[in-house]
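Please open the structure in a viewer and keep the selection tool at hand. The tour below proceeds stop by stop, stating what to select and what is to be found there.

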Amino acid sequence: MLQMTHISKVFRTDLVQTHALRDFSLTVKEGEFVAVTGPSGSGKTTFLNIAGLLETFDTGSYLLDGKDVSHLSDDARSRLRNEKIGFIFQGFNLIPDLSVFDNVDVPLRYRGLDGKARRQRIEAALEQVGLASRAKHLPSQLSGGQQQRVAIARALAGTPRVLFADEPTGNLDSLMARQVLEMLEEINAKGTTIVMVTHDPELARRAHRNIHVMDGQVSDFTDFSQALSARDALAA
Amino acid sequence: MFAHNLFLAWKSLRQNPVLSLLMIGAIGLGIGVCMTTLTVYTLMSNNPIPQKSSVLYAVQLDSWDPNEAWGEPNQPPSQLNWRDTQALLKSEIPQRQVAMFRSGFAVQEPGNKLPAFLAEARVTTADFFEMFQVPFIYGGGWDASADHDQQQLVVLSKKTNDTVFGGTNSVGKTLKLDDREFRVVGVTEDWNPTPKFYDLNNGSFAKPEELYVPFGLVEPLELKSFGNTNGWKPEQINSYQDFLNAEEVWIQYWAELPDAKSREAYQAFIDHYVGEQKKLGRYPRPLNNQLTNVVDWMRINEVVTEDSKVLLGLSFLFLAVCLLNIVGLLLSKFLGKSGETALRRALGATHWQILQKNLVEVGLIGLLGGVLGLLLAFAGLQGVKLLYRGYERLVQLNGELLLVALGIALASSLIAGLYPAWRAARLAPAGLLKTQ
């Protein structure tokens, strides 16, 4: 689904240059749930921005769903983002003066879908996150957990191949964080690939695979998939 | 998508009403000032008779002072004297020709129920009505025989007919002008050529006359000019006949010359006439007779003053200053919403889609500013009306000017908004999402 090879990214100012990613290589398979951890400034967000086509990189290659995105134009990257990628942010990033319905509608408008198709997708997505009855509410009328569910619905409505989540539970209390995580697991179980950046080791352990980033490089892999399978077998 | 962008623009304006009102107010003020001056300027420079302006010629004969031209640069007088007028009227070259001047009469309605009132009049030859395409409600003008036979006929304006005859068809009825009976032959519609090109001597924007009588009555009734009379040499004038024989100029003269051939022939005719007069000791200046069409006539007579042009330029400069302020306000607005823009980009919007969204918002601000500007322009024109006498007829906004105002508002706001909208659309989304 996602194959990064020897990616490097340097941020330059007049005085300094910062190597955000160095020789960064990572492959994420279709249907995987991968957690990316690492200290602040390690390059997690730069990785997520490059993976989500929000940022370009200096060297290396990147295949997204089998397509080489290294030299795509900005417009082509926008279209690809719209069609294949969903984002969930720590701060929810809802547009405050739009209703829940209209917030979920945003990416669908840019895809050029007609009104009927958009309505069906929005209603299905809101149904899936349990907020169908709140479609007309403004974000400010919802709790933090509900707002994050709206953000998830917005990502789901576009039926993305991969979901990038940046600290999706960072602004939530533990109960709501658990609900959101369960929702992500449910989405992943239906086949959507998820790449989640987090500081929380507990959260990271729920993923199939944990990738630790340090100084712009992948420093460690932990594969939980076997352990998770064993846990699930025991639970059964 | 346009309708959706319009919806988003409206929401965005309501989100920050103070900033929105500032921008709308700035555009409105600029447009209001511009439209006030542009309205006056447009009406001043309007071609009052576009369908015929190229075939109607003001006739000028240079009978003036040998030592000093009548006007700069070397302009002959804009009016003729009685003797030359009589000679020119004999020519059959023009398709139509008019000799006329401004006068006035005490008008008394036939039943003597209303007090007499003074009405401005135009004393003119018969061709006036057809030549200047005067529209009639009732009847029409008189024919050349009325001038020749010195018939006491009158054409009334609609206003005069309303006053004297209550708006009814008064053709055939009589009324008294200076205690003499005149028979009504026609009633004009509200005819209002602006500028009043056919007589720029007596106010370019003066109202049309309230009644018209035949030029043939000048001599028998000793009709006097209420307009400008100019002379260049001392003359002994002891009687009306002395006045008619003097070199004083007071009659406006127009000829309708439909093609180049008739124009050349008429030019030759007046040059020949003046040549003959020179032999009699008149016309001491070098030959300088001119035929000038309507548009050039208004230019020569400076219907549009230099002040008006300067004022128009200044008002557009003021609009430019308003727009510069708006550039700053729009930059602040769009950059203030950079988080939302970054989010939209992350969700798949292209640069162009963001630019479109921003430009629709700018356009909406422009249109609202345009509407405010029209209200201010209306108020400004009322101010002009109060401050400047003689400009009353200029200060009205018509449909065309309304569209021009909205067009200028839209275009200028889009020009002002292009850079802020483009700049906001080019922001890199990655760094802005965390702060949204």
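Two residues are in contact if their C-beta atoms, placed from the backbone, lie within 7 Å. With that meaning, 79% of the contacts in chain B between residues at least 6 apart in sequence join residues at least 24 apart. The model on the screen is predicted, with an ipTM of 0.89 and a pTM of 0.71.

**Stop 1: Chain B as a whole**

Select chain B. Its average pLDDT is 91, and 97% of its residues score at least 70. Where pLDDT is low, the predicted coordinates should not be read in detail. The secondary structure of this chain consists of 14 helices and ten strands. Along the principal axes, its C-alpha atoms fill a box of roughly 95 × 55 × 35 Å. The radius of gyration of chain B is 30 Å, whereas a compact globule of 436 residues would have one near 22 Å. Of those 436 residues, 42% are buried.

**Stop 2: Helix H11 of chain B**

Next, select residues 306-336 of chain B, which form helix H11. Its 31 residues should span 45 Å at 1.5 Å a residue, and its end C-alpha atoms are indeed 45 Å apart, so the two values agree. Which residues of H11(B) are buried? They are B:Ser315, B:Leu319, B:Cys322, B:Ile326, B:Leu330, B:Lys333 and B:Phe334. To see what they pack against, show helix H2 (17-44), H13 and helix H14 (399-425) of chain B.

**Stop 3: B:Trp254**

Now select B:Trp254, located in strand E9 (residues 252-256) of chain B. Is this residue, B:Trp254, buried or exposed? B:Trp254 counts as buried because 28 other C-beta atoms lie within 10 Å, and the cut-off for a buried residue is 20 or more. Beyond its neighbours within four places in sequence, B:Trp254 contacts B:Leu56, B:Tyr57, B:Ala58, B:Val59, B:Gln97, B:Val98, B:Met131 and B:Tyr198. A further distance can be checked in the viewer: the C-alpha atoms of B:Trp254 and B:Gln79 are separated by 10.0 Å, although the two residues are 175 residues apart along the chain.

**Stop 4: Two cis peptide bonds**

Most residues other than glycine have a negative phi, and most peptide bonds are trans. Select B:Glu72 and B:Pro73, which are joined by a cis peptide bond with omega about -10°. B:Pro73 belongs to the loop between strand E1 (56-60) and helix H3 (82-89) of chain B. Then select B:Thr194 and B:Pro195, where a cis peptide bond has omega about -5°. The loop that holds B:Pro195 runs between strand E7 (180-188) and strand E8 (211-214) of chain B.

**Stop 5: Chain A as a whole**

Turn to chain A, whose secondary structure comes to eight helices and ten strands. Its C-alpha trace spans about 50 × 50 × 35 Å along the principal axes. A compact globule of 236 residues would have a radius of gyration near 18 Å, and chain A agrees, with 18 Å. Buried residues account for 46% of chain A.

**Stop 6: Helix H5 of chain A and the residue after it**

Select residues 144-157 of chain A, helix H5, whose 14 residues reach 20 Å from first C-alpha to last. Of these 14 residues, 13 are buried. After H5(A) comes A:Thr159, in the loop that leads to strand E7 (162-166) of chain A. The phi of A:Thr159 is positive, near 40°, although the residue is not a glycine. A:Thr159 counts as partly exposed because it has 13 C-beta neighbours inside 10 Å.

**Stop 7: Where the chains meet**

Show both chains together. Here 20 residues of chain A are in contact with 20 residues of chain B. On the chain A side, helix H2 (74-84) and helix H3 (100-111) of chain A each give two or more residues. H2(A) provides the largest share, six residues. This side of chain A divides into seven nonpolar, five polar and eight charged residues.

**Stop 8: The nonpolar cores**

In soluble globular proteins, nonpolar side chains tend to be buried together. The largest nonpolar core in this model has 105 residues; among those with the most contacts inside it are A:Val104, A:Ala153 and B:Ile27. Helix H13 (residues 351-387) of chain B gives the largest share of this core, twelve residues. A second, separate core of 66 residues includes B:Ala58, B:Val107, B:Val187 and B:Tyr198.

How values were computed:
Residues numbered from 1 in each chain as written. Chains lettered and ligands numbered in written order. Predicted model: local features only at pLDDT ≥ 70, side-chain atom pairs only at ≥ 80, totals over all residues. Helix = DSSP H or I, 4+ residues; strand = E, 2+ residues; numbered from the N terminus. Expected span 1.5 Å × (residues − 1). Buried ≥ 20, exposed ≤ 12 C-beta atoms within 10 Å, placed from the backbone. pLDDT = per-residue confidence, 0-100. Rg over C-alpha atoms; globule rule 2.2 N^0.38 Å. Nonpolar A, V, L, I, M, F, W, Y, C, P; charged D, E, K, R; others polar. Core = buried A, V, L, I, M, F, W, Y, C linked by C-beta atoms within 7 Å.
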